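Open the model in your viewer and switch to a cartoon view. We will move from element to element, with a selection at each stop.

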Amino acid sequence: MPLLVTGAVGQVGTDLTAALRARHGADAVIAVGHRTPPSAAFRAAGPYETVDARDRDALDRLIRKHRIDAIYHLVTLLSGAGEQNPDLAWDVNLSTLKHVLDLAVHHKLAQVFWPSSIAVFGPTTPRLNTPQRTILEPTTMYGVTKLAGENLCHYYALRYGLDVRSLRYPGLITYKTFSGGGTSDYAVEIFIAAIERKHYTFFVNAQTAMPMMYMDDAMKATLDLMAAPADHITVRTSYNLGALSFTAAELATAVARRVPGFTWDHAPDFRQAIADSWPDSVDDGQARADWGWAPDYDLPTLVDTMLAGTAKRLGAKG
Ligand code: AKB
């Protein structure tokens with residue numbers, strides 16, 4: 001049963017490692033990090049290994065050493081970081097996925113999870129309630145790698161019968177690990193700024209909207225998808241996954257209702273074009289039908305949870 005989580009110290013990895021350990025036991029989940037050092041608490045919580053997932057042989061040794069049965073492969077360079085270093089994004093996002101899929105077939109692993117993103121969509125995709133199957137012409141290197149990765153997963157499922165499952169994560173919002181390099185990061189940064197300075201300058205304009213989700217919902221979706229019977233899984237590229245859609249102005253207004261004196265303005269940078277290329281909302285009917293997806297968090301609950309959690313985290317740091 002041992003599970004491997006690559007990218008375990010990242011924004012999704014921190015929460016997913018904890019969620020998997022809560023479900024399967026601490027020792028059953030081997031967390032794998034590379035560049036970002038884990039906190040002392042994270043290291044103490046269960047087994048931890050340092051490996052660069054681009055090193056196929058090192059991954060192979062890890063699978064043998066821990067007799068791994070399933071891999072949650074989270075290593076990725078996000079959209080903003082990917083535009084600043086497209087070659088690295090291609091290498092990190094795709095070579096590592098290919099290694100994981102090949103090793104999963106070779107070692108006959110039971111399952112692989114790999115996150116895709118709303119970044120597979122592009123300006124030619126229908127913007128509202130984007131269908132599961134639609135035009136996929138991404139304009140970022142991150143989106144290009146996610147689209148190629150989806151097709152690679154689909155191919156390995158068809159060709160080798162590999163049980164690989166995937167979700168198109170929207171922008172994920174959490175206070176537990178502050179993200180970096182993403183376009184949706186403004187929806188996390190605003191809470192830190194509201195608490196520290198009562199002012200936030202968005203790097204996107206007021207009308208910008210994209211699919212967003214509180215991290216706990218994303219974790220629920222990931223665990224539910226992986227626990228679903230294999231014959232319920234009808235999508236082997238990646239499932240659309242929806243929860244919330246709000247403009248930057250709507251988010252700021254919701255924060256201002258709870259933080260007296262909070263102000264904001266806008267200074268769009270290169271990430272505006274990335275945000276503009278993504279949909280406002282997605283149709284996740286297939287995920288709902290196949291494995292019962294339904295989110296729990298609405299915008300007011302998310303804002304309350306983020307303000308309380310971010311304040312606690314910043315307080316704990318200082
Ligand atoms: C990003 O902004 O790059 C990511 C994503 C939406 O995949 N959070």
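Contact here means heavy atoms within 4.5 Å. The model is a predicted one.

Start with strand S2, residues 29–33. Five of its five residues are buried, so S2 is largely enclosed by the rest of the structure. Show the side chains. In a regular strand, side chains alternate between the two faces of the sheet. In S2, Val29, Ala31 and Gly33 point one way. Ile30 and Val32 point the other way.

Next, select strand S1, residues 3–6. S1 runs parallel to S2, and four bridges pair them. Pick leucine 4: its bridge partner in S2 is isoleucine 30. Now add helix H1, residues 11–24. Together, S1, H1 and S2 form a right-handed β-α-β unit.

Go back to S2 and add strand S3, residues 48–50. This pairing is also parallel, over three bridges. Find glycine 33 of S2; its bridge partner in S3 is threonine 50.

Move on to helix H3, residues 56–66. Which residues of H3 are buried? Select Ala58, Leu59, Asp60, Leu62, Ile63 and His66. Their cover includes S1, S2 and S3, along with strand S4 (70–73) and helix H5 (86–106).

Finish at the two ends of H3. Aspartate 55 caps the N-terminal end. One of its side-chain oxygens lies 3.3 Å from the backbone nitrogen of aspartate 57. Then select arginine 67, just after H3. Arginine 67 has a positive phi of about 50°.

Key:
Residues numbered from 1 in each chain as written. Predicted model: local features only at pLDDT ≥ 70, side-chain atom pairs only at ≥ 80, totals over all residues. Heavy atoms only, no water. Buried < 20%, exposed > 50% of the residue type's maximum accessible area, 1.4 Å probe, protein only. Helix = DSSP H or I, 4+ residues; strand = E, 2+ residues; numbered from the N terminus. Pairing = 2+ DSSP bridges. Right-handed = clockwise from strand over helix to strand, strands pointing away. Polar contact = N/O pair within 3.5 Å; in protein donor to acceptor, adjacent residues only side chain to side chain.
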